[in-house]
Amino acid sequence: MLPTTSVNSRSQGNGALSPRDAARHTAGAKRYKYLRRLFHFRQMDFEFALWQMLYLFTSPQRVYRNFHYRKQTKDQWARDDPAFLVLLSIWLCVSTVGFGFVLDMGFFETIKLLLWVVFIDCVGVGLLIATLMWFISNKYLVKQQNRDYDVEWGYAFDVHLNAFYPLLVILHFIQLFFINYVIISDSVVGYFVGNTLWLIAIGYYIYVTFLGYSALPFLKNTAILLYPFALLIMLYLISLACGWNFTKMLCSFYKYRVK
């Protein structure tokens, strides 16, 4: 079994799930179990979550193979362990504090920036993108002969988190070492380095998202998820020709946010 959910679930004898199994398989029950584990750190597998974070950079296909394995062993396609989300939140907080330091923000300005990045950039935008991809994949990408299957919203959100992590590390961590000394200068080298980091980060996001949906065998034409690469490269070349500095724009926007 791969990370799919069947509208016509496996039957037991009389053609229906037992009441106990039906309750265990509801989205509400799984969401409750996931949220409950957020408060039990000893039950989280942080070592495995770190392994996933490493392979999202080196071999993201291996991460999605683990999703297949989880479906086979736990009948759960989306993550049932919030350890990855917890570590991602820690990364987000630390990198945002680093951004505040690099931009010479005060304590309260950094707190404002942190709240904005966590609840708007990560959670808000993440919910929006996951919902949009969930709708598009179920509406337009499901094969006609597999209409009994659909993409779970939780899986769509996990795909977003997987794709967001490399982007976060590149733009909110690696980039910090170059901002003041290279990127925000008015030289060609400055906006070339900054915009190239943006190209790599967003390219990672697109590619990891594509891998997530292409892993589902009941979806068709998932290659269209790679089409934004063409627009990304075109925008990158235009930015170099026009001297746009995306990182400088981001820094100005962050400072405007916390006023």
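A nonpolar core is taken here as a set of buried Ala, Val, Leu, Ile, Met, Phe, Trp, Tyr and Cys residues joined through side-chain atoms within 4.5 Å. Buried means under 20% relative accessible area and exposed over 50%, with partly exposed in between (1.4 Å probe, protein chains only). The structure is a predicted model, in which local features need pLDDT of at least 70 and side-chain atom pairs count only at pLDDT 80 or more, while totals for chains, interfaces and linings use all residues. Residues are numbered from 1 along each chain as its sequence is written, and side-chain values use heavy atoms, with hydrogens and water left out.

The protein has eleven helices and two strands, where helices (H or I, at least four residues) and strands (E, at least two) are DSSP runs numbered from the N terminus. The order of the elements from the N terminus is β-α-α-α-α-α-α-β-α-α-α-α-α. Of the 259 residues, 44% count as buried. The exposed surface of the protein comes to about 14400 Å², with 67% of it supplied by carbon and sulfur atoms; accessible areas come from the Shrake-Rupley method with a 1.4 Å probe, and for residues only the protein chains shown count as cover. Among contacts (heavy atoms within 4.5 Å) with a separation of 6 or more, 75% join residues 24 or more positions apart.

The largest nonpolar core holds 62 residues, of which Y64, F99, Y155, F164, Y213, L219 and Y254 touch the most other members. Two or more core residues come from each of α3 (46-58), α4 (60-74), α5 (83-102), α6 (107-141), α7 (153-174), α8 (176-183), α9 (188-214) and α11 (246-257). The most, 13 residues, are given by α7. Beyond its neighbours within four places in sequence, F99 is in contact with L113, L171, H172, Q175, L176, I179, L250, C251 and Y254.

Empty space was examined on a 1 Å grid over the protein atoms alone: a cavity is a set of points where a 1.4 Å probe fits but cannot get out, a pocket is an open set with protein on both sides within 12 Å along at least five of seven lines, and lining residues have an atom within 4 Å of a point. Grid points are joined across faces, edges and corners, and a volume is the space filled by probe spheres set on the points.

The second largest pocket encloses about 740 Å³. Its lining numbers 26 residues, and V125, I129, F164, L167 and Y205 lie nearest the centre. Helices α6, α7, α9 and α11 each give two or more residues to this lining, with α6 giving the most, seven. By class, 21 of the lining residues are nonpolar, three polar and two charged; Ala, Val, Leu, Ile, Met, Phe, Trp, Tyr, Cys and Pro count as nonpolar, Asp, Glu, Lys and Arg as charged, and the others, Gly among them, as polar.

One cavity of 30 Å³ or more was found. The largest cavity has a volume of about 40 Å³ and is lined by I129, A130, M133, A156, V159, H160, Y205, T209 and Y213. Its lining receives two or more residues from each of α6, α7 and α9, and comprises seven nonpolar, two polar and no charged residues.

N66 is placed in helix α4 and counts as buried because its relative accessibility is 14%. Apart from neighbours within four places in sequence, N66 is in contact with F48 and Q52. Y227 is found in the loop between α9 and α10 (228-242) and, at 57% relative accessibility, counts as exposed. The C-alpha atoms of Y227 and I206 are separated by 9.1 Å, the two residues being 21 residues apart along the chain.
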